[in-house]
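The following exchange examines how the descriptive terms applied to a protein model are justified. Each reply sets a computed value against the criterion for the term.

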Amino acid sequence: MAKQKFNIIKSTCIPVAIDNCNTDLIIPARYLASTTRDPKFFGDAFMHDLRYTADGQPVADFVMNQPEFSEAPHEGVHEIIVGGQNWGSGSSREHAAWAISGYGVRVVISSSFADIHRNNLLNCFVLPVIVSKEFQQELFASIAADPNAVVTVDVPAQTVTNEATGNSEHFDINGYKKYCLMNALDDIDYLLSQKDKIEEFEAK
């Protein structure tokens with residue numbers, strides 16, 4: 001997982017309009033036996049069985065293989081996925097979050113997430129953003145009209161803005177996780193950052 005500080009993310013999006021997109025679609029179970037933590041390995045496995053046929057050929061009509069959405073995520077390009085409702089349902093495999101992070105996605109926007117997957121995303125430095133169904137559908141429509149449509153996710157202000165329409169929504173995030181994302185800290189990093197306070201408490 002890439003530890004990057006979160007501030008304002010402005011990017012084009014990959015629309016994955018699949019409701020109940022479960023973790024077996026996000027990363028097939030056969031990849032779970034691997035002992036590697038190589039981000040590229042899991043990124044290549046992201047949505048593998050939707051992206052490729054059994055003989056390894058790209059599925060032409062799957063969104064991630066369409067020319068306008070096939071470019072690998074990098075700064076300002078495809079760092080955001082707009083997903084269907086109930087994103088990440090099914091098993092609690094952390095590998096699903098590893099796959100999304102390994103592919104290069106930094107934000108997943110949906111109208112609802114499976115709770116365990118949502119927490120796994122946060123732990124892997126991927127921000128899950130919950131919006132209304134109406135706003136979710138507006139984002140899909142804007143991207144369908146223009147694949148270069150840009151969405152801005154302002155983490156300090158906790159807002160997501162559809163730049164094509166100017167409409168915004170506020171999103172919730174746990175205060176501790178927000179602090180960790182904005183400072184590129186995982187749970188261990190955070191504890192180490194509080195070492196002096198912990199030692200002072202213990203001394204008392």
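The questions and answers below concern a predicted model.

Q: How many aromatic pairs does a search of the whole structure find?
A: The search returns six aromatic pairs.

Q: Why is the pair of Phe46 and Tyr103 called tilted?
A: The ring centres of Phe46 and Tyr103 are 5.4 Å apart, and a pair requires centres within 6.5 Å, so the two rings qualify. Their planes meet at 50°, which is neither under 30 degrees, as stacked would require, nor over 60, as edge-to-face would require; therefore the pair is tilted.

Q: What makes the pair of Phe46 and Tyr103 a tie between parts of the chain?
A: Phe46 belongs to the loop between α2 (39–45) and α3 (48–51), whereas Tyr103 belongs to helix α4 (residues 95–103). The parts brought together are 57 residues apart in sequence, so the pair ties them to one another.

Q: How do you know whether Phe46 and Tyr103 are buried or exposed?
A: Buried means under 20% relative accessible area. Phe46 has 0% and therefore counts as buried. Tyr103 has 13%, so this residue is buried as well.

Q: Which term describes the geometry of the pair formed by Tyr179 and Tyr190?
A: The pair of Tyr179 and Tyr190 is edge-to-face. Its centres are 6.1 Å apart, within the limit of 6.5 Å, and its planes are at 85°, which is over 60 degrees, so the term applies. Tyr179 is in helix α7 (residues 175–182) and Tyr190 in helix α8 (residues 187–193), 11 residues apart.

Q: Why are Tyr179 and Tyr190 called partly exposed?
A: The term covers relative accessible areas between the limits of 20% for buried and 50% for exposed. Tyr179 has 40% and therefore counts as partly exposed. Tyr190 has 25%, so the description holds for this residue too.

Q: Where does Arg37 lie with respect to Trp98, and what makes that position count as a charge over a ring?
A: Arg37 lies over the face of Trp98, at 3.7 Å from the ring centre. The distance criterion is within 6 Å, so the value of 3.7 Å satisfies it. Trp98 also belongs to a cluster in which ring pairs link it with Tyr31, Phe41 and Phe42. A further case is Arg106, which lies over the face of Phe6 at 4.3 Å from the ring centre.

Q: What makes α4 mostly covered?
A: Eight of the nine residues of α4 are buried. Among them are His95, Trp98, Ile100 and Tyr103. The buried residues of α4 pack against β1 (8–16), α1 (23–26), α2, α3, β3 (107–110) and α5 (115–123). After α4 comes Gly104, with a positive phi near 110°.

Q: Which residues lie closest to the centre of the largest pocket?
A: The pocket has a volume of about 150 Å³. Of its 13 lining residues, Ala2, Gln4, Ser101, Gly104 and Val105 are the closest to the centre. The lining divides into six nonpolar, five polar and two charged residues.

Q: Where is His78 placed, and is it buried or exposed?
A: His78 is in the loop between α3 and β2 (80–83). Its relative accessible area is 3%, which is under 20%, so His78 is buried. His78 has a positive phi of about 55° although it is not a glycine.

Q: Why is Glu75 called exposed?
A: Glu75 has a relative accessible area of 74%, and exposed means over 50%, so the term fits. Glu75 is found in the loop between α3 and β2. Its C-alpha atom is separated by 8.4 Å from that of Lys10, 65 residues apart along the chain.

Q: Why does Ser110 count as buried, and what is it in contact with?
A: Ser110, in strand β3, has 0% relative accessibility, which is under 20%, so it counts as buried. Beyond its neighbours within four places in sequence, the contacts of Ser110 include Gly83, Trp87, Val129 and Gln136. Ser110 and Pro128 are 7.7 Å apart in space, C-alpha to C-alpha, and 18 residues apart in sequence.

Terms used
Residues numbered from 1 in each chain as written. Predicted model: local features only at pLDDT ≥ 70, side-chain atom pairs only at ≥ 80, totals over all residues. Heavy atoms only, no water. Helix = DSSP H or I, 4+ residues; strand = E, 2+ residues; numbered from the N terminus. Buried < 20%, exposed > 50% of the residue type's maximum accessible area, 1.4 Å probe, protein only. Lys NZ or Arg CZ within 6 Å of the ring centre and 35° of its normal. 1 Å grid on protein atoms, 1.4 Å probe; cavity = no way out; pocket = protein on both sides within 12 Å on 5 of 7 lines; lining within 4 Å. Points joined across faces, edges and corners; volume = space filled by probe spheres on them. Nonpolar A, V, L, I, M, F, W, Y, C, P; charged D, E, K, R; others polar. Contact = heavy atoms within 4.5 Å.
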